[in-house]
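Biologist: Can you walk me through this one? I'd like to talk about packing and empty space.

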Amino acid sequence: MATSKAILVTGASSGIGAAIAARLMKDGHRVIGTCRNPSANHSTEIKMLALDVTSDISVKACVAEFLKEAGGIDVLINNAGYLQSGAIEEVTIGQARAQFETNYFGLVRMVQAVLPAMRTQKRGLIAATSSLAGLVPLPFWGQYNASKFAVEGLMETLRHEMKPFGVNVAMVEPGAIKTHLYAAPRTAAMDAYSPWSNRFFRKMKDFEAKAPEPEVVAEMFARIVSSPNPALRNRVTTEATLFPLLRWLLPAGAFEGGLRFAFGIDKE
């Protein structure tokens, strides 16, 4: 590899983030990860900085420490996030706000913190782990879907705004990946939704059991980092490619009915 890059990866203590950091280190880059409590991270390979993406103070301190240690920043990979599942009626406003504080506003904070350095040097890459759920929303994931739709809109806008400064913007949009995402918080289930929600969550467990490991996402990020002009949207897994295509090809009613049938929520 010709050039080693200084890369900051959020949410790097496990799952997709840890796989991304390990893959980029293998390519010879200087990678620093983040997590809420670095002292609890047992990896001896990846240096970790403390970061709470829901805190303005924490974000500014983390980026400042990274810039001081690395002498600049070439790549920011926004990976921190979690899944708040549950029907729209089940999820409280407080839980919805918390979902957006991490998945959306956390990303915004990180972007705003690194942009002054990247604009000044007139180069860099801002990438994010988005999701198929940001393109094709699934039932009982409403707030997560919405947060990823927001990320999609933000990143596409950022790509336009950063073009004059030579800063690339890209997303990876995975389908199901074998991680702890599906074990994330679920609200207290309402009996009214249980015939459909129970079938949905059983189906998602089936997807998870057959899903590829996080390394397939890490490989896509490695390609993006090495590309001089990466695409905005980069899809990983068969369903992440197939579902958006079917949504484009099929009449809206047919696609919606097919999705409900697939997850068993079109019947009593």
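**Packing, pockets and odd backbone angles**

Modeller: Let's start with Met155. Outside its neighbours within four places in sequence, Met155 is in contact with Leu107, Ile126, Ala127, Ala128, Val169, Ala170, Met171 and Leu232. Bear in mind that this is a predicted model.

Biologist: Which residues touch the most other members of the largest nonpolar core?

Modeller: Met155 is one of them, along with Leu76, Met110, Ile126 and Leu158. The core holds 31 residues.

Biologist: Which elements each supply at least two residues of this core?

Modeller: They are β1 (6–9), α2 (56–70), α4, β5, α5 and β6 (167–174).

Biologist: And which gives the most?

Modeller: That is α4, with seven residues.

Biologist: What does the second core include?

Modeller: The second core is separate and has 27 residues, among them Ile16, Phe221, Ala222 and Ile224.

Biologist: Switching to empty space. How many cavities of 30 Å³ or more are there?

Modeller: The structure holds one. About 90 Å³ of space lies in it. It is lined by 14 residues, and the closest to its centre are Asn78, Asn79, Ala80, Asn103 and Leu107.

Biologist: Leu107 again. Which elements supply the lining of the largest cavity?

Modeller: At least two residues each come from α3 (93–103), α4, β5 and α5. Here too α4 gives the most, with three residues.

Biologist: How does that lining divide into nonpolar, polar and charged?

Modeller: Six residues are nonpolar, seven are polar and one is charged.

Biologist: OK, now pockets. What volume does the largest pocket have?

Modeller: About 930 Å³. Its lining counts 43 residues, and those nearest the centre are Asn79, Gly81, Tyr82, Thr179 and Leu181.

Biologist: Asn79 came up for the cavity too. Which elements give two or more residues to the pocket lining?

Modeller: There are α1 (15–26), β2 (30–35), α5 (142–162), α6 (194–210) and α8 (238–249). The largest share is three residues, from α1.

Biologist: And how do the residues of the pocket lining divide?

Modeller: Into 24 nonpolar, 15 polar and four charged.

Biologist: You mentioned α8. What does Phe243 touch?

Modeller: Phe243 sits in helix α8. Not counting residues up to four places away in sequence, Phe243 touches Leu132, Val136 and Phe255.

Biologist: How far is the C-alpha of Phe243 from that of Leu135?

Modeller: The two C-alpha atoms are separated by 8.7 Å, with the residues 108 apart along the chain.

Biologist: Last topic, backbone. What's the phi of Lys122?

Modeller: Phi of Lys122 is near 55 degrees, so a positive value in a residue other than glycine. Most residues other than glycine have a negative phi.

Biologist: Where does Lys122 lie?

Modeller: Lys122 is in the loop between α4 (105–121) and β5 (124–129).

Biologist: Is Lys122 buried or exposed?

Modeller: Lys122 counts as exposed, because its relative accessibility is 51% and the cut-off is over 50%.

Biologist: What about Phe140 and its phi?

Modeller: Phe140 is not a glycine either, and its phi is positive at about 65 degrees. Phe140 is found in the loop between β5 and α5.

Biologist: Buried or exposed, that Phe140?

Modeller: Phe140 is buried, since its relative accessible area is 12% and buried means under 20%.

Definitions and conventions. Residues are numbered from 1 along each chain as its sequence is written. This is a predicted model: local features need pLDDT of at least 70, side-chain atom pairs count only at pLDDT 80 or more; totals for chains, interfaces and linings use all residues. Side-chain values use heavy atoms; hydrogens and water are left out. On a 1 Å grid over the protein atoms alone, a cavity is a set of points where a 1.4 Å probe fits but cannot get out, and a pocket is an open set with protein on both sides within 12 Å along at least five of seven lines; lining residues have an atom within 4 Å of a point. Grid points are joined across faces, edges and corners, and a volume is the space filled by probe spheres set on the points. Helices (H or I, at least four residues) and strands (E, at least two) are DSSP runs, numbered from the N terminus. Ala, Val, Leu, Ile, Met, Phe, Trp, Tyr, Cys and Pro count as nonpolar, Asp, Glu, Lys and Arg as charged, and the others, Gly among them, as polar. Buried means under 20% relative accessible area, exposed over 50%, partly exposed in between (1.4 Å probe, protein chains only). Contact means heavy atoms within 4.5 Å. A nonpolar core is a set of buried Ala, Val, Leu, Ile, Met, Phe, Trp, Tyr and Cys residues joined through side-chain atoms within 4.5 Å.
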